[in-house]
Structures are given as C-alpha cells and as structure tokens.
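Work through the exercises below with the structure open beside you. Try each task before you read its solution.

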Amino acid sequence: MDSLTQIVLGAAVGEAVLGKKVGNRAMLYGAIAGTIPDLDVLARYFTDTVTAIEWHRGFSHSIVFSVLFAPIFGWVVWKLERKREADWKDWSRLLFWGLFTHPILDTFTTWGTQLFWPFDIRLAFQNIFVIDPLYTLPFLVFLILAMRQKRTSPKRRKYNRLGLIVSSGYLLVTLILKGFAHQRFTRALEDQGISYKEMDMRPTPFNSVLWTANIDAGDAYLIGNYSFFDSGPIAFGAYPKNHQLLGALATQDKVGRLKHIAEGWYTISKREGTLFFNDLRFGLISLDPKETRFAFAYRLKEENGGLRVEEAQRLDVDAKRLLSALWLRIWGNANKP
C-alpha cells in the first residue's frame with residue numbers, strides 16, 4: 001500500500017499495543033515501524049533495475065525481518081525513551097506488530113509480498129489497489145479522533161479500535177466484491193464462447209467498483225473491464241504475446257528473471273526498433289481500445305555483449321488521462337464501444 005496508508009496502519013497498531021502506557025508516542029513509533037519495510041525502494045539507487053524489482057517487497061517484508069529487527073529497533077527506542085513507562089519488551093512488541101502488519105496489508109495488493117522469505121513465495125490476493133481512499137480516509141479520521149483524546153481515555157481506545165475494524169472490514173468486502181466480479185468475467189467468457197487457460201484479475205486504481213481481468217487465451221492475452229454499474233456486455237481486447245520477438249534474448253538471465261517477476265503475465269512489443277517487456281499485472285496506460293502501452297514496461301537494450309533493462313518512463317499526462325477515463329468507466333459501460 002502507499003506510504004500514508006502504512007503510516008496510518010502502523011500508528012493504529014502502535015496505539016493498540018502501547019497507547020495506554022505512552023500515549024501518542026506509541027502512534028509515532030508505530031508509524032515509523034510501518035514505513036521501514038518500504039525502505040527497500042532505495043535499492044534502485046545502487047543496483048540494477050531487475051535486482052531492485054526483485055528486492056522490492058522481499059526480505060524487508062518478511063516474517064524473518066520482523067522477528068529479527070523488532071528487538072533491535074525496540075532496544076533503540078527504549079534507549080531514547082528511558083523516561084517512559086514502557087520497557088524494552090514493550091517497545092519490541094510494538095515494533096514487531098508495526099513491521100509485521102505492513103507486509104500483511106501488502107499481501108492484498110497486486111504486487112504482493114514475500115512474507116515467507118527466503119522461500120520463493122509471493123502472496124498477492126489482488127483485492128485492493130495500492131492506493132484506495134475508501135480504506136485509508138475513514139481509518140485516518142478515526143486515528144485523528146483517537147490522537148486528540150487523553151491516553152487514559154476509553155474514547156481513545158474506542159476510536160482506534162473502530163478504525164482497525166472499519167479498515168479490516170473494508171478489506172473483507174473487497175474480497176467478496178472480487179468473487180462477484182470473477183463470476184461476471186467467467187460468465188462473459190462462456191457467453192462469448194471464449195476458451196482460455198487462466199484468468200488474473202484485480203481492481204483498477206483508487207476503487208473497488210471497477211475490475212480488470214487478464215485472460216490467457218493461448219497466443220494472445222485478452223483484457224476486459226467490469227464495473228458493478230455495467231449494463232452492457234464485457235468487451236475484451238486482444239494483445240498478442242509476441243514472445244518470439246525476444247529471439248536470442250529469451251535465454252538472457254535478466255529476461256528470465258523478469259518473466260519470473262511477472263509470473264508469466266507478459267507481452268513483448270517493439271517500438272522504434274526497441275524491444276519492451278510489458279508486465280500485464282498492472283494494466284494498460286489508458287482505457288483506449290487501441291492502447292498498446294502498459295503501465296509497467298521495461299526497455300531491453302543489448303550493449304557490450306550483455307543486456308540492460310530500463311523501466312519505461314510514465315508521463316504525468318498519461319496518468320491524468322487514465323484517471324479521468326477510469327472515473328467515467330466506473331459508472332458503467334452502457335452505450336460504450
């Protein structure tokens with residue numbers, strides 16, 4: 001999830017664990033713990049693109065990391081806050097839950113987490129987008145209400161508990177909504193006589209009303225969108241896999257690692273003589289039926305007998321257009337091509 005959401009979750013967890021003893025300090029250190037796992041993004045500044053992608057939501061998002069570092073960070077906080085009622089074990093417990101709930105929440109997103117690192121298992125339930133105001137904003141409101149109460153006030157615990165309940169309840173609702181959307185996609189494929197091998201679906205940005213599905217139809221992937229406000233049939237666009245365009249690059253180590261990262265959901269495209277590896281899991285850059293660019297694409301450049309992988313730049317104007325199109329599409333597909 002985004003940084004704000006992880007800060008809010010960490011603060012709420014810190015309050016639940018130690019708020020009665022140390023007040024807003026529990027929220028502060030919970031918020032810090034909630035941001036620590038995402039420091040793995042700094043890898044992009046001292047390693048190559050593929051390795052940075054592999055490290056993201058890896059070790060720092062694992063149970064092992066939480067268990068190993070919670071006592072260390074807890075000891076540091078204990079030294080800084082010796083005048084507080086809490087001891088080293090209290091702070092370690094707070095830090096553990098702040099660190100651990102971060103990757104737990106991330107498992108519900110498209111990217112997922114390697115919660116069981118060093119085992120190569122990435123959990124991704126794909127029922128919530130990395131930024132969802134319906135999850136974060138009510139949670140934030142309850143946290144602010146709790147923060148404004150005295151640390152011994154029953155209202156403080158009540159507001160914080162309500163924030164945790166409402167946010168967790170929303171996560172459960174999105175899982176149910178995903179089940180309904182899956183039924184709609186399955187029925188649409190059957191009605192249109194489309195045979196397929198596998199389906200991969202997730203919510204579109206910032207909402208849980210409009211869902212998108214990638215369909216493995218053999219030589220091509222089909223991509224369709226479904227909103228709970230739809231009154232027309234689901235339309236599927238076809239995108240050829242073009243895996244053969246890789247040629248000799250198919251045996252390159254970095255290409256193999258990209259395939260593994262994308263879990264097999266990728267296409268290869270060629271623009272102006274350059275090959276691009278497109279990760280389908282994060283969708284297209286727009287809702288235009290003729291769109292061929294994907295949100296996460298990697299430029300493949302051969303140089304000095306090796307391969308250089310660069311993430312393709314995403315323009316702000318594309319993001320704005322996509323958000324506008326998503327807003328309109330959420331309200332249904334009646335009279336839409």
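The exercises that follow use a predicted model.

**Exercise 1. Find which residues make the nonpolar surface patch, then decide whether Y45 is buried or exposed.**

Solution.
- Step 1: Select L39, V41, L42, Y45, F46 and W55, which make a nonpolar surface patch of about 690 Å².
- Step 2: Place Y45 in the loop between α2 (24–35) and α3 (49–55).
- Step 3: Take the relative accessible area of Y45, 67%. Exposed means over 50%. Y45 is therefore exposed.

**Exercise 2. Give the strand order of the open sheet and name its edge strands.**

Solution.
- Step 1: Trace the 4 strands of the open sheet in the order β1-β2-β3-β4; the pairing is antiparallel.
- Step 2: Look for strands that pair on one side only. These edge strands are β1 (198–203) and β4 (236–240).
- Step 3: Note the turn between neighbouring strands of this sheet, 20° on average with direction ignored.

**Exercise 3. Describe how β3 pairs with β4, and say which helix packs on the sheet.**

Solution.
- Step 1: Take β3, residues 220–227. Strands β3 and β4 pair in the antiparallel sense over 5 bridges.
- Step 2: Find G224 and look across to β4, where F236 stands opposite.
- Step 3: Add helix α9 (residues 316–330), which packs on the sheet and touches β2 (210–216) and β3. The direction of α9 makes about 60° with that of β3.

**Exercise 4. Compare the backbone and the cover of R57 and N242: is each buried or partly exposed?**

Solution.
- Step 1: Start from the rule. Most residues other than glycine have a negative phi.
- Step 2: Check R57, in the loop between α3 and α4 (63–80). R57 is not a glycine, yet its phi is positive, about 60°.
- Step 3: Check N242, in the loop between β4 and α8. N242 is not a glycine either, and its phi is positive at about 55°.
- Step 4: Use the cut-off: buried means under 20%. R57 has a relative accessible area of 5%, so R57 is buried. N242 has 24%, so N242 is partly exposed.

**Exercise 5. Find the cis peptide bond that leads to P118.**

Solution.
- Step 1: Recall that most peptide bonds are trans.
- Step 2: Go to P118 in the loop between α5 (88–106) and α6 (133–147).
- Step 3: Read omega for the bond from W117 to P118. Omega is near 15°, and the bond is cis.

Terms used:
Residues numbered from 1 in each chain as written. Predicted model: local features only at pLDDT ≥ 70, side-chain atom pairs only at ≥ 80, totals over all residues. Heavy atoms only, no water. Patch = residues over 30% accessible without salt bridge, like charges linked within 9 Å, V, L, I, M, F, W, Y side chains within 5 Å. Areas by Shrake-Rupley, 256 points an atom, 1.4 Å probe, with all protein chains shown as cover. Salt bridge = Lys/Arg side-chain N within 4 Å of Asp/Glu carboxyl O. Helix = DSSP H or I, 4+ residues; strand = E, 2+ residues; numbered from the N terminus. Buried < 20%, exposed > 50% of the residue type's maximum accessible area, 1.4 Å probe, protein only. Pairing = 2+ DSSP bridges. Axes fitted to C-alpha atoms, helices over the stretch in contact; angles between N-to-C directions. Contact = heavy atoms within 4.5 Å.
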